[in-house]
Amino acid sequence: MAGKRSRKLRLRSYQARVRDEAARFNVLACGRRWGKTWLGCRLAVDAARRGRPVAWGAPNYKYLREPFRFLRRELGDEIRFASWTDKRIELKTGGSIDFWTLSDSDAGRGMRYKLWIIDEAAMVRELGVVFVESIRPALSDLVGDAWFLSTPKGRGFFYQCFLHGQNEDRLEWRSWQRPTSENSRIAKEELLAA
């Protein structure tokens, strides 16, 4: 049923707070196990259920497989078509989720999206090139949003995007840095041991 709230894909309060504070371009730099991919899945499901085209990108196919499987299970009988070969899920609402490996700078070129989720963004080798040449133009037609989700790694394009989100003059950008410890499912003893 379109618009149905999932019991499986509920956001925790700290994830919902980030979602509610979002701008057009969002950068989430968090510790491992914070729930970045989970938040991305929730955003993708909500947009696709509203009939919107969504793109999900990751550094390589290994990072696409689990979100694809999870979203296919989550959306269940709402799906009209799903294919790992085509890297696509289509819903009865008209919404869709395409999965792209961002090792190809042409990922999503020529497409139109209302939402782009870039998972493990700091690990994408040529993220700046992919964003400027493919992702950003694909958002123009529908004035779409982008989410860069990652654990911090170096001072590349992901870091530059994070700084945009900290700059109050860049109203379309928002960024957050959040610790793994916000996730109460991870035992404090485990965090200390790690």
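Me: How many disulfides does the structure hold?

Reply: The structure holds 0 disulfides. A disulfide here is a pair of cysteine sulfur atoms within 2.5 Å. In general, a disulfide is a covalent bond between the sulfur atoms of two cysteines. Some background: this is a predicted model, where local features need pLDDT of at least 70 and side-chain atom pairs count only at pLDDT 80 or more, while totals for chains, interfaces and linings use all residues. Residues are numbered from 1 along each chain as its sequence is written, and side-chain values use heavy atoms, leaving out hydrogens and water.

Me: What makes Cys30 count as buried or exposed?

Reply: Its relative accessibility is 1%, so Cys30 counts as buried. The cut-offs are under 20% relative accessible area for buried, over 50% for exposed, and partly exposed in between (1.4 Å probe, protein chains only). Cys161, at 0%, is therefore buried as well. Across the chain, 48% of the 194 residues count as buried.

Me: How many helices and strands does the chain have?

Reply: There are 6 helices and 8 strands. Both are DSSP runs numbered from the N terminus: helices are H or I with at least four residues, strands are E with at least two. Read from the N terminus, the order is α-β-α-β-α-β-β-β-β-α-β-α-β-α.

Me: Why are α2 and α3 called what they are called, parallel, perpendicular or oblique to each other?

Reply: Helix α2 (residues 36-49) packs against helix α3 (residues 62-75) at an angle of about 45°, and their axes are 11 Å apart. Axes are lines fitted to C-alpha atoms, for helices over the stretch in contact, with angles running from 0 to 180 degrees between N-to-C directions. Under 35 degrees counts as roughly parallel, over 145 as roughly antiparallel, 65 to 115 as roughly perpendicular, and the rest as oblique. The pair α2 and α3 is therefore oblique. The crossing is right-handed, meaning that the near helix is turned clockwise from the far one by less than a right angle (anticlockwise would be left-handed).

Me: Which residues of α2 and α3 make the contact?

Reply: From α2 come Thr37, Trp38, Cys41, Val45 and Arg49, and from α3 come Pro67, Phe70, Leu71, Glu74 and Leu75. Contact means heavy atoms within 4.5 Å. By class, this contact has 7 nonpolar, 1 polar and 2 charged residues. Ala, Val, Leu, Ile, Met, Phe, Trp, Tyr, Cys and Pro count as nonpolar, Asp, Glu, Lys and Arg as charged, and the others, Gly among them, as polar.

Me: What about α1 and α2: how do you know which way they are set to each other?

Reply: The axes of helix α1 (residues 13-20) and α2 cross at roughly 55° and come within 11 Å. The helices α1 and α2 are therefore oblique to each other. Their crossing is right-handed. Here Gln15, Val18 and Arg19 of α1 meet Trp38, Leu39 and Leu43 of α2, a set of 4 nonpolar, 1 polar and 1 charged.

Me: Why is Ser103 called buried or exposed?

Reply: Ser103 has a relative accessible area of 60%, so this residue is exposed. Ser103 lies in the loop between β5 (96-101) and β6 (115-119).

Me: And what makes Gly108 buried or exposed?

Reply: Gly108 is also placed in the loop between β5 and β6. Its relative accessible area is 0%, so Gly108 is buried. Leaving aside residues up to four places away in sequence, Gly108 touches Trp100, Tyr113, Trp116 and Ala138.
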